[in-house]
Structures are given as structure tokens and as C-alpha cells.
Number of protein chains: 2
Amino acid sequence: MVHTRESLLAAAQRQLNADPLSSMAVVAAAAGAGRATLHRHFASREALLLEIGERSLGRWEQRLDEHAVEEVAASGDPGRIRECIRGLVRSFVDDSDDFGFALTDHFIVTDPVLVARGDTLVEREVTLWEAAQAAGVLRPDLAPRWISHAMYGLLVSAREALRAGDVARRDVGDLVVSTLLVGAGAR
Amino acid sequence: MVHTRESLLAAAQRQLNADPLSSMAVVAAAAGAGRATLHRHFASREALLLEIGERSLGRWEQRLDEHAVEEVAASGDPGRIRECIRGLVRSFVDDSDDFGFALTDHFIVTDPVLVARGDTLVEREVTLWEAAQAAGVLRPDLAPRWISHAMYGLLVSAREALRAGDVARRDVGDLVVSTLLVGAGAR
DNA sequence: CCTGAATGAGACACTACTGTCTCATATGAG
DNA sequence: CTCATATGAGACAGTAGTGTCTCATTCAGG
């Protein structure tokens with residue numbers, strides 16, 4: 001069997017997603033690799049977790065790029081902004097399946113380097129929230145950072161709801177978008 | 001120093017809330033107790049976690065009782081239902097400070113006994129969501145269980161927002177209620 | 001003051017995991 | 001086919017945590 005760094009990372013992510021406390025031995029087995037091989041690619045468990053964190057942040061960043069967050073924000077066009085938010089959130093929901101445990105894992109959420117990089121990404125998001133508020137797409141009375149937190153909370157919800165089998169996978173993106181935008185109250 | 005089972009539990013909860021991976025030694029120190037004393041009250045780490053889980057579920061159940069969820073649901077009165085939801089969610093937000101880590105800790109979230117008991121509490125909540133939908137307080141097109149998931153996700157949001165210092169403690173209850181009910185979109 | 005129960009400190013054996021190493025085997029490129 | 005390389009299995013020492021135990025000390029109630 002041949003093991004690329006990427007395939008190991010992906011398998012590790014999948015396994016740690018299922019059980020965040022999995023040992024290196026378990027992770028290696030889940031990747032169909034020996035423990036030694038895993039250690040050849042990642043010097044330590046910590047290094048592996050860091051890399052997974054980086055990978056998750058990379059995907060997150062990529063999503064912000066894909067949706068041209070800054071450009072849309074600068075445009076000030078309510079229609080474009082609304083569509084951008086919808087698309088962005090849907091992308092995040094898709095990702096939360098693979099990357100979800102990085103949302104709550106204590107080590108990843110705590111590591112200073114990852115936190116710093118995450119903060120810069122939140123910063124980028126915030127420009128979108130602020131533009132959305134200015135364009136009348138989002139409520140102006142909410143702190144932009146709260147909007148980010150609320151969105152991530154709903155990603156956790158989506159993850160849990162899927163795990164519990166309470167919602168269908170194809171519905172969950174719309175569910176998050178609509179809950180975030182219009183809430184659960186009757187109009 | 002005298003240590004009641006309750007004081008140990010409370011301290012353990014506080015410590016594990018700060019760092020879910022704290023060892024028994026760290027937990028004991030945080031409670032101002034010796035490791036032996038902690039073990040006299042809780043046979044094993046697992047037993048301690050279980051008890052914390054039970055404690056959290058107990059508080060949760062207590063909240064449902066306090067707000068007379070079933071009675072309010074049965075009343076069908078939109079005003080009462082709306083007030084009940086507001087009060088309930090605010091209570092949960094208050095609790096999530098102390099009990100928050102039980103929301104995401106893998107062991108607690110996974111243990112079959114706790115999960116089973118948690119399910120029955122979700123069941124009680126669901127009666128409220130359904131009544132709210134029937135009374136025109138909540139959107140009828142959302143699965144009641146999704147509403148529960150969304151609310152818990154927003155509790156995670158609240159916890160994180162507080163930890164990051166992005167919102168004031170006195171605001172966070174209203175923030176969750178209002179985000180859950182009307183969302184972040186402009187009306 | 002006296003006494004019995006609770007406590008803290010620490011020793012102890014045990015387990016699980018980590019990170020390193022070796023070596024025989026498998027595998028793919030030339 | 002041949003050979004260099006990657007791999008899996010396992011040995012190994014080191015570390016950290018757990019659960020049990022003992023024992024001297026503390027402390028509250030009589």
C-alpha cells in the first residue's frame with residue numbers, strides 16, 4: 001500500500017472526527033497504515049493535529065476566496081451579498097462533515113498559532129457581515145462577531161443533527177441558511 | 001478543609017469546563033483537595049464524568065420543570081408559549097456557562113445511559129416546539145428536532161462568544177433568543 | 001482535652017500511549 | 001529481473017495517568 005501525506009491526513013481527519021481521542025495506533029489503522037508509517041509523515045501526534053488544523057483553516061480560507069468575500073462586500077450590492085452569504089454558509093455546512101471536529105476539539109481550538117490564523121479569517125468574514133448590515137441584508141443591531149459565532153454554532157447543530165439522523169443531508173444546508181437568516185420564529 | 005460530594009462536583013465541573021482533558025490530579029487540586037479524597041468520592045474518572053453528565057442533565061430537566069413546558073404546550077396560548085421559550089432559552093444560556101463542556105465533551109455526549117436520558121429530555125422539549133408551531137409562534141416548516149439542535153448550537157455560540165469576549169454577559173441571553181427566533185437577516 | 005473520622009501526601013503497581021528503532025518484506029521504477 | 005525505497009510488525013524505553021494503599025496529620029464534636 002502506498003500512503004501519501006494527503007491520504008494519511010484525510011484518513012486521520014475522518015477517524016478523529018469519529019473519535020477525537022483516538023490514539024496514533026488507531027489513526028494509523030484507520031488509514032490502513034502501520035504506526036511507523038504514520039510517524040514517518042508526522043513527527044508527533046501534536047504535529048498531526050496541527051496539520052489537520054491547518055488543513056481545516058486552509059479549506060475555510062479557500063471558501064472565503066471562492067466566494068470573493070471582499071469583492072462582494074465592497075460591491076455593496078444587496079443581492080450579491082445575500083447570494084454570497086447563502087453560498088458561503090452552504091459551503092461551510094458541506095465542509096463541517098469532514099472538518100467538523102476541528103470546530104470543537106480542544107487542542108485545535110486552543111493552539112495559539114491556529115487561533116491567530118483563525119482570527120484573521122474571522123476578520124475577513126466580518127467585512128462581509130458589516131457590508132451586509134450596511135446593505136440592509138443583515139440586522140444592524142447584532143455585533144458582526146456574534147453573527148460569526150452564531151453561524152459556527154449552527155454548523156455544530158448541523159453536524160449533530162446529521163449524526164442523530166434528524167435531518168436529511170440534502171436539506172441541512174438550506175436549514176442552516178434559513179435558520180441563520182430568518183430564525184425559527186413564525187413571520 | 002471539608003469536602004462534600006457537591007463541592008467536589010462543582011469544582012470538577014469548573015475545571016473540566018476550562019480544560020476537558022484535565023487529569024484527576026489537576027481536578028483534585030482545582031477543588032483544593034488531595035487526589036485520594038477525590039477518589040474516595042468518585043471511584044474512577046469515568047464515574048466522575050458520568051456524575052457530571054447526570055448533574056447537567058438534572059439541571060436541564062429542572063429547567064424544563066421550572067418552565068412547566070408540558071403545561072404551557074398544552075395550553076396552546078401563543079403568548080405563554082412565546083414567553084416560555086424565551087425564559088427557557090435564557091435559562092439554558094445561563095447554565096451553559098457552568099455546564100457548557102457537557103455539550104461537547106465526547107465521553108459525555110457518547111455515553112449510552114446519558115444519551116438515553118438526554119433523549120427523553122429532548123422529547124419533552126419537542127412537545128413545546130410542536131405546540132409553538134401549532135400556535136403560530138414557530139415556523140411550521142422546520143423539524144422540531146432541528147429546532148432543538150439549532151438552539152444547542154446557539155448555546156455553543158454563546159459560550160464561545162463569551163470566552164472570546166465578543167459579547168457582554170448580560171446581553172448574551174437576549175442575543176441567543178433573538179437570533180433563534182428572528183434570525184440575523186434584516187426584516 | 002480526647003477521640004474518631006476525614007484528609008493530604010506520597011508510594012506503588014499497572015496500563016496506555018508516545019516516539020524511536022530495527023529488520024524482514026513488499027513494491028514499484030528502470 | 002534488480003534494486004532502491006517504502007512499508008508493517010514489533011521491540012523498546014520513557015512518560016503520564018489511574019486506581020489502591022498506607023500513614024501521619026488535622027480537625028470537629030463530645
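**Figure 1. A salt bridge between A:R117 and A:E54 in the predicted model.** Look for the closest N and O atoms of this pair, which sit 2.4 Å apart. The bridge links distant parts of the chain: A:R117 belongs to helix α9 (residues 112-134) of chain A and A:E54 to helix α4 (residues 45-66) of chain A, with their positions 63 residues apart. A:R117 is partly exposed at 25% relative accessibility, and A:E54 is partly exposed as well, at 31%.

**Figure 2. A:R59 meets A:D95 in a salt bridge.** Here the N to O distance is 3.1 Å. This pair, too, links distant parts of the chain, since A:R59 lies in helix α4 and A:D95 in helix α6 of chain A, 36 residues apart. A:D95 is buried, with a relative accessible area of 6%, whereas A:R59 counts as partly exposed at 25%.

**Figure 3. A salt bridge within helix α10 of chain B joins B:R163 and B:E160.** Their closest N and O atoms are 3.3 Å apart. The two residues are 3 positions apart, about one turn of the helix. B:R163 is exposed at 52% relative accessibility, while B:E160 is partly exposed at 27%. Back in chain A, salt bridges with shared partners connect A:R59, A:R63, A:E66 and A:D95 into one network.

**Figure 4. Helix α11 of chain A and its packing partners.** This helix covers residues 169-182 and reaches 21 Å from first to last C-alpha, close to the expected 20 Å. Its buried residues, including A:V172, A:L175 and A:L180, pack against α6 and α10 of chain A together with α10 and α11 of chain B. Just after the helix comes A:G183, with a positive phi near 75°.

Notes:
Residues are numbered from 1 along each chain as its sequence is written. Chains are lettered from A and ligands numbered from 1 in the order in which they are written. This is a predicted model: local features need pLDDT of at least 70, side-chain atom pairs count only at pLDDT 80 or more; totals for chains, interfaces and linings use all residues. Side-chain values use heavy atoms; hydrogens and water are left out. Helices (H or I, at least four residues) and strands (E, at least two) are DSSP runs, numbered from the N terminus. The expected span of a helix is 1.5 Å times one less than its number of residues. Buried means under 20% relative accessible area, exposed over 50%, partly exposed in between (1.4 Å probe, protein chains only). Contact means heavy atoms within 4.5 Å. A salt bridge is a side-chain nitrogen of Lys or Arg within 4 Å of a carboxyl oxygen of Asp or Glu.
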